[in-house]
Amino acid sequence: MAITLEQIHYTYSPGTPFARVALQGVTLTIEKGDFVALIGHTGSGKSTLIQQMGGLLQPSEGKASVDGIDLSRKEKEIKAARGKIGIVFQYPEHQLFAETAYEDIAFGPRNLGRSPEETDRAVRRAMAQVGLDFDTFAQRSPFRLSGGQMRRLAIAGVLAMEPAYLILDEPSAGLDPRSRRLFFEQIVKSHKQQGMAIILVTHNMDEAARYAQRLLVINEGKLLYDAPPREIFAKYQKELEEVGLAVPAAARLAAVLRARGVPVPADIITEAELEKFLLTWVKKRGKK
Amino acid sequence: MLEVQGLKHYFTDEQGRTVKALDGIDMHVDDGDYVAVIGESGSGKSTLARHFNALLQPTEGRVLVDGMDTAAEENLWAIRSRVGMVFQNPDNQIVAAIVEEDVAFGPENLGVPQPELGRRVREALAAVGMTAYAQQGPYLLSGGQKQRVAIAGILAMAGRCIVLDEPTAMLDPRGRREVLATVKKLNEEQGITIVYITHDMSEALAAKHVYALEKGKVALAGTPEEVFSETDELERLGLEAPPAGRLAAKLRKAGIKINGNIIRDEELAEALWP
């Protein structure tokens with residue numbers, strides 16, 4: 001059970017003066033239960049790639065499939081496959097539309113033909129997953145919520161369809177630090193409890209380092225690296241900067257400490273790891 | 001440059017309730033200052049920013065730009081040519097089909113004649129490092145480049161103050177670096193006054209003064225060193241210190257002695273390995 005992309009090429013407006021190559025032969029597999037971060041500069045092909053995964057774009061060349069169902073088949077046949085993939089686009093709160101939070105979330109499961117009872121269960125579960133209290137928020141207008149709450153509501157609408165693969169495009173852009181942290185706590189919980197695969201598209205290297213088990217780096221429509229974040233951030237600092245990216249803040253801080261002579265190992269990429277290392281190091285040094 | 005006195009901004013929501021977006025703000029921004037404004041979503045940052053060039057008017061209190069009251073209509077053009085705004089979404093603020101025309105749009109509207117207009121556009125593009133793109137279509141630019149073009153538009157109007165409302169929220173790491181470096185350079189080399197709203201504490205570190213808002217009031221104000229060493233108060237405000245500050249606080253809590261106000265990477269390195 002997986003999303004499989006084989007040698008995907010994609011060109012926008014082919015055969016016209018505006019033709020633009022977006023993907024050049026991308027091959028990768030996202031397994032059920034993966035937590036993957038996808039990074040790359042603006043225009044590197046990230047958005048095109050997630051649209052291929054979701055079956056929203058047909059590849060110019062190559063083959064995309066979800067759980068064995070070829071996404072190039074007829075609309076009717078791939079409907080089931082599409083139902084397995086939930087995509088939360090950037091600024092999803094701009095797409096809220098219903099009178100109440102409940103109705104907004106119920107739209108998806110109803111559209112998938114779920115019964116009223118199943119829909120109700122799905123709405124309640126999705127609201128709990130994103131941390132919106134049912135009694136407080138279900139009957140509120142989506143437009144009377146704060147920015148962070150609107151974002152969570154929009155994500156609940158996608159979770160209510162119970163996707164096996166959840167693609168999040170810059171889900172934390174514009175959120176304040178607390179909302180950001182709460183949001184990821186909830187996503188990690190959904191990932192762990194339901195085995196939902198997460199594909200996180202982000203410009204935030206700290207998030208990629210902290211939450212993902214696997215990191216995909218895309219550049220000029222090609223997959224540059226596909227490895228655990230620790231390996232990529234430890235080995236390819238210079239290369240990442242050349243393609244418009246960066247290493248996480250903790251790795252930058254670690255580099256500054258290392259230059260001073262503090263023996264921070266190269267594979268430290270999160271704040272928690274750096275804290276743990278420094279605590280042991282300072283104590284050990286104190287004893288000498 | 002900017003003087004905010006007892007500023008309150010109230011509005012009525014669709015339920016007919018009064019929302020106090022700003023609830024008594026006092027603030028002073030010197031000529032050539034670099035001020036960062038931080039705060040949770042809904043704390044009033046953007047509402048405050050929109051008062052600086054008279055996009056919004058105070059319900060109570062006053063906002064003065066170089067001594068000019070933003071509430072007086074006859075000051076509007078003078079204020080808007082002096083204080084420009086850069087918003088979050090780089091795609092929403094470019095109006096022309098060619099970069100140099102976009103930069104010329106503001107001063108042209110103010111009636112700046114040639115050859116002065118051409119000179120201003122050239123200098124503005126040079127100041128943000130976008131000279132090579134003068135003849136290009138904006139749609140070919142990256143997010144960071146578009147934000148720099150928006151900044152050039154303000155410079156071309158002879159703006160002396162740039163208010164940026166989360167200008168990097170939608171940018172990739174390179175775009176962030178470009179915008180931050182441009183803002184810093186304009187402040188240092190040309191003395192342009194900067195008001196920089198952000199959720200990213202590392203970006204706020206570049207400022208000379210930091211204001212943290214909470215429910216329309218100033219909760220903390222001071223130098224980055226002063227504001228970011230208040231780790232508990234920041235936590236309460238839904239904010240955080242920059243990475244080095246957070247680590248220093250955690251190490252202290254674990255009983256490790258670390259002297260001084262630590263907020264920057266180099267300072268932590270210095271404290272740990274003097």
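Begin by selecting A:L166 in this predicted model, and look across to strand β8 of chain A, where A:I198 stands opposite A:L166. The two strands to display around this pair are β7(A) and β8(A), which run in the parallel sense and are joined over 5 bridges.

Next, extend the selection to helix α7, residues 177-194 of chain A, since β7(A), this helix and β8(A) together make a right-handed β-α-β unit. On the other pairing of interest, select strand β3, residues 35-39 of chain A, which pairs with β8(A) in the parallel sense over 4 bridges. Within that pairing, A:L38 has A:V201 as its bridge partner in β8(A).

Now stay with β8(A) alone, residues 197-201, and colour it by burial. How many of its 5 residues are buried? The count is 5 of the 5, so the strand is largely enclosed by the rest of the structure. In a regular strand the side chains alternate between the two faces of the sheet. Select A:A197, A:I199 and A:V201 for one side of β8(A), then A:I198 and A:L200 for the other; all of these residues are buried, and both faces of the strand are thereby covered.

From the strand, widen the view to the nonpolar core. The largest such core holds 166 residues, and those with the most contacts inside it include A:L38 and A:I199, already visited on this tour, together with A:A156, A:I167, B:V35 and B:A152. Which residues does A:A156 touch, leaving aside those up to four places away in sequence? Select A:I105, A:A126, A:M127, A:Q129, A:V130 and A:L132 to display them.

Zoom out to chain A as a whole, which contains 12 helices and 10 strands. Its C-alpha trace spans about 70 × 55 × 35 Å along the principal axes. For 288 residues a compact globule would have a radius of gyration near 19 Å, and the 21 Å of chain A agrees with this. Of these 288 residues, 46% count as buried. Among the contacts in chain A with a separation of 6 or more, 64% are between residues 24 or more positions apart.

The next stops concern the backbone. Most residues other than glycine have a negative phi, and most peptide bonds are trans. Select A:Q7, in strand β1 (residues 2-12) of chain A, where phi is positive, near 45°, in a residue that is not glycine. Is A:Q7 buried or partly exposed? A:Q7 counts as partly exposed because there are 13 C-beta neighbours inside 10 Å.

Then go to A:E162, in the loop between α6 (147-159) and β7 (165-169) of chain A, which also has a positive phi, of about 50°, without being a glycine. A:E162 has 20 C-beta neighbours inside 10 Å and therefore counts as buried. For the peptide bond, move to chain B and select B:Q114 and B:P115, between which the bond is cis, with omega near 0°. B:P115 lies in the loop between α3 (99-109) and α4 (116-127) of chain B.

Finish by showing both chains at their interface, where 33 residues of chain A are in contact with 33 residues of chain B. On the side of chain A that touches chain B, the elements giving two or more residues are α6, α7, α11 (249-259) and α12 (271-287). Coloured by type, the residues on this side of chain A divide into 16 nonpolar, 11 polar and 6 charged.

Note on methods: Residues are numbered from 1 along each chain as its sequence is written. Chains are lettered from A and ligands numbered from 1 in the order in which they are written. This is a predicted model: local features need pLDDT of at least 70, side-chain atom pairs count only at pLDDT 80 or more; totals for chains, interfaces and linings use all residues. The radius of gyration is taken over C-alpha atoms; the globule rule is 2.2 Å times the number of residues to the power 0.38. A residue is buried if 20 or more other C-beta atoms lie within 10 Å of its own, exposed if 12 or fewer, and partly exposed in between; C-beta atoms are placed from the backbone. Two residues are in contact if their C-beta atoms, placed from the backbone, lie within 7 Å. A nonpolar core is a set of buried Ala, Val, Leu, Ile, Met, Phe, Trp, Tyr and Cys residues joined through C-beta atoms within 7 Å. Two strands pair if DSSP finds at least two bridges between them. A crossover is right-handed if, with the strands pointing away from the viewer, the path from the first strand over the helix to the second runs clockwise. Ala, Val, Leu, Ile, Met, Phe, Trp, Tyr, Cys and Pro count as nonpolar, Asp, Glu, Lys and Arg as charged, and the others, Gly among them, as polar.
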